[in-house]
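Hello,

Here is the structure I promised to pass on to you. Have a look at it first, and then read my notes below.

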Amino acid sequence: MAAKITYTQQGDYLLPNLKLPEQPKVEIGIWGKRHLRYLKNHHPIIYTNLLTSCKLTAHLADIDREANEMFNRLVKQLAKQEGVTEQLKAENQILWVRRMNNIRNRAEEFVNSELIYV
């Protein structure tokens, strides 16, 4: 059975009342929000296609999950590689914070360039 289409009069024209199906309610984190902003500003056609096909929320949730996993993995690997340990944290907190901030910044740049701004 076909869906009943309703119309609204706009001047001399009848325009169909179109409504997109509800997308699932998913909390999108910072990575997904960054990617959304990037799509809107730099790839409006991709953004519109995802939105109108009701795939935008799922896409952003996937990007957010992948980016979080990549970021956490990179931070852990870089900290291990550079000897930033709990022992260093106990002995010299300022040095530990400085190194961890540096590691997090590099990991964030990598995630942005590989997942978010592509």
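**What I found**

Tyrosine 7 is partly exposed, with a relative accessible area of 47%, because that value falls between the 20% and 50% cut-offs. Please keep in mind as you read that this is a predicted model.

Tyrosine 7 lies in strand E1. On the surface, Tyr7 joins Ile5 and Leu14 in a nonpolar patch, and together the three have about 330 Å² of accessible area.

Strand E1 covers residues 7-10 and pairs with strand E2, residues 13-16, in the antiparallel sense, with four bridges. Which residue is the bridge partner of glutamine 10 in E2? It is tyrosine 13. The two strands form a hairpin with two residues between E1 and E2. In the turn sits glycine 11, whose phi is positive, at about 65 degrees.

Now to the interior. The largest nonpolar core has 18 residues, and those touching the most other members are Val84, Met100, Ile103, Val111 and Ile116. Helix H3 (56-81) and helix H5 (93-116) each supply at least two residues of this core. H3 gives the largest share, eight residues. Apart from this core lies another, made of six residues, including Ile28, Tyr47, Leu56 and Leu60.

Valine 111 is a good place to zoom in. Leaving aside neighbours within four places in sequence, valine 111 is in contact with Trp31, Ala67, Met70, Phe71, Leu74 and Ile116.

Enjoy exploring, and write back with any questions.

Best wishes

Note on methods
Residues numbered from 1 in each chain as written. Predicted model: local features only at pLDDT ≥ 70, side-chain atom pairs only at ≥ 80, totals over all residues. Heavy atoms only, no water. Core = buried A, V, L, I, M, F, W, Y, C linked by side-chain atoms within 4.5 Å. Buried < 20%, exposed > 50% of the residue type's maximum accessible area, 1.4 Å probe, protein only. Contact = heavy atoms within 4.5 Å. Pairing = 2+ DSSP bridges. Patch = residues over 30% accessible without salt bridge, like charges linked within 9 Å, V, L, I, M, F, W, Y side chains within 5 Å. Areas by Shrake-Rupley, 256 points an atom, 1.4 Å probe, with all protein chains shown as cover. Salt bridge = Lys/Arg side-chain N within 4 Å of Asp/Glu carboxyl O.
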